[in-house]
Amino acid sequence: MAASFLAVVFSTTLFSGIVVFVCKLFGCIRKEKPIDLLPRGSMGWFPFLGETLAFLKPHKSNSIGTFLQQHCSRYGNIFKSHLFGGPTIVSCDLEFNVFILQNEERLFQTSYPKPVHDILGKLSMMLVSGDLHKKLRSAAVSFINVSKSSPDFLSYVDDLCISLVDSWRDKKQVVFFKEAKELTFYLMLKNLLSIEPEDPIAGEILGDFLTFMKGFVSLPILIPGTAYAKAVKARKRISYTLKEMIRNRENEGMHKKRGDFLDELLGKVWLNDEEKVSILLDLLLAGYETTSGLMALVVYFLAHSPSSLQTLKDEHQALRKTKKDGEPLNWEDFKKMEFTSHVISESLRCGNLVKFVHRRALKDVKFKEYVIPGGWQVLPIFTAAHLDPSIHEHPLEFNPWRWADQTTSKKVTPFGGGLRICPGAELGKLEIAFFLHHFVLHFRWEAKEEDCPISCPYLDFKRGLVLQIHQLHK
């Protein structure tokens, strides 16, 4: 937790300098634009760190944290600061956040700290822009669109969820976040590469991903033995494994097609091997971290909302009555899970899987009375808009019924927006819905308040979200 909290701080000290600070701060503010056109705010006292330490201080993910509370109260919902080594505009304003997301590539561009580039790789979809981003994204989108309507894959999701729930029948306690990560990761391995959980290579790749993720949220110091250095090596091992799989498939030729995403990817001759590997890595990472994080949020909030849990259970009992014994769930069943969808959406709003994203102004940008200088960082804070009492009634209350009002979806941005809206959102929701179907019909559970989700700034759970579980039917 502490390592996660300090990761970007050290990236600032290692990869930013006072020269950049002076040039950007004084050049952009004092020479290019009058100060009164900038949002009000504070740049902090230290040229290297600015206010980064306070900004990254861990807090419950269903709150905006002390730093944002104080700054919004003092300066308004759009303010200036000095974060991650440079002058920054922070937006806790829904309208401005949407404006930023909708103007990707025109007025703003993705801009993450250098250590993120080093560990994710230069071809990660999160980092690339322009035509390259469109090319890589189109390949990922085609995979997702095929997956969510594939009967074979949906049947596999159902089977793996049943297997996981069955494995808990003699247990009284599970570390849920860990179990959820394994479930979603194995689903991606099967769909992407036709690798089964029991295959030896599955354990090897999972082990490397565990090492990779520990380094991703650690101090970015590339010294042998550090978590960051181990993560860089783990990424290289994963990349090598994927390259070998690509070569083996190419050597096998057309007569051994498996019908998975790798087969489809090999047919995209306009992609080179490095780009294919990067796409596979991005999809594995999304399946491992993002979907499992949302699944854990859903289970946590349901544990503290008995009325929501009962309504959810009623929906799935009614659905199960329409199915034959042993009949798997399908796409049509998923579309009938209306309250389940509300629960997942409300968990996203309350739990804030992604707190913010990094953007940079490509040129001077006018928004209302403000001018954002070109070259400045811009951080749209999704959490702030999700928990804004002027937008949502009783925003800290977990209330899935609010999603019966269709305008609610226009007041949240949990999956980003514009050109970079998460392509796998619907697939992730489907996997969670299938899991919930089997979990709520066979178990009740409790989660302690001290296991609450934490933003640091990446989502985490204290103790890994330990659930006390009780089987409903022996």
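Reader: How many bridges join β10 to strand β13 in this predicted model?
Author: In this predicted model, strand β13 covers residues 466-471 and runs antiparallel to β10. Within this pairing, W445 stands opposite I469 in β13. The number of bridges that join β10 to β13 is 5.

Reader: Which are the edge strands of the open sheet that holds β5, β13 and β10?
Author: The open sheet is formed by 3 strands in the order β5-β13-β10, with antiparallel pairing, and its twist averages 35° from one strand to the next. An edge strand pairs on one side only, and this is the case for the strand at 173-175 and for the strand at 443-447. The edge strands are therefore, by that pairing on one side only, β5 and β10.

Reader: At roughly what angle do the axes of helix α11 and helix α13 cross?
Author: Helix α11 spans residues 227-252 and helix α13 spans residues 273-303, and their axes come within 10 Å. The crossing of these two helices is right-handed. The angle at which the axes cross is roughly 115°.

Reader: How do the residues of the contact of α11 with α13 divide into nonpolar, polar and charged?
Author: On the α11 side the contact is made by R235, I238, S239, L242, K243, I246 and E250, which meet D273, E274, K276, V277, L280 and L281 in α13. Sorted by kind, the residues of this contact divide into 6 nonpolar, 1 polar and 6 charged.

Reader: Is T413, in the loop between α17 and α18, buried or exposed?
Author: The loop that holds T413 lies between α17, at 382-386, and α18, at 425-442. Leaving aside neighbours within four places in sequence, T413 is in contact with L94, V98, L101, F382 and H386. Because its relative accessible area is 8%, and a value under 20% is the cut-off for this class, T413 is buried.

Reader: How many disulfides does the structure hold, and how far from C350 is the nearest cysteine sulfur?
Author: A disulfide is a covalent bond between the sulfur atoms of two cysteines, and the cut-off for counting one is a pair of such atoms within 2.5 Å. C350 is in no disulfide, the nearest cysteine sulfur being that of C452. Both cysteines are buried, C350 with a relative accessible area of 3% and C452 at 2% relative accessibility. The structure holds 0 disulfides, and the distance from C350 to the nearest cysteine sulfur is 13 Å.

How values were computed:
Residues numbered from 1 in each chain as written. Predicted model: local features only at pLDDT ≥ 70, side-chain atom pairs only at ≥ 80, totals over all residues. Heavy atoms only, no water. Buried < 20%, exposed > 50% of the residue type's maximum accessible area, 1.4 Å probe, protein only. Helix = DSSP H or I, 4+ residues; strand = E, 2+ residues; numbered from the N terminus. Contact = heavy atoms within 4.5 Å. Axes fitted to C-alpha atoms, helices over the stretch in contact; angles between N-to-C directions. Left-handed = near helix turned anticlockwise from the far one by under 90°. Nonpolar A, V, L, I, M, F, W, Y, C, P; charged D, E, K, R; others polar. Pairing = 2+ DSSP bridges.
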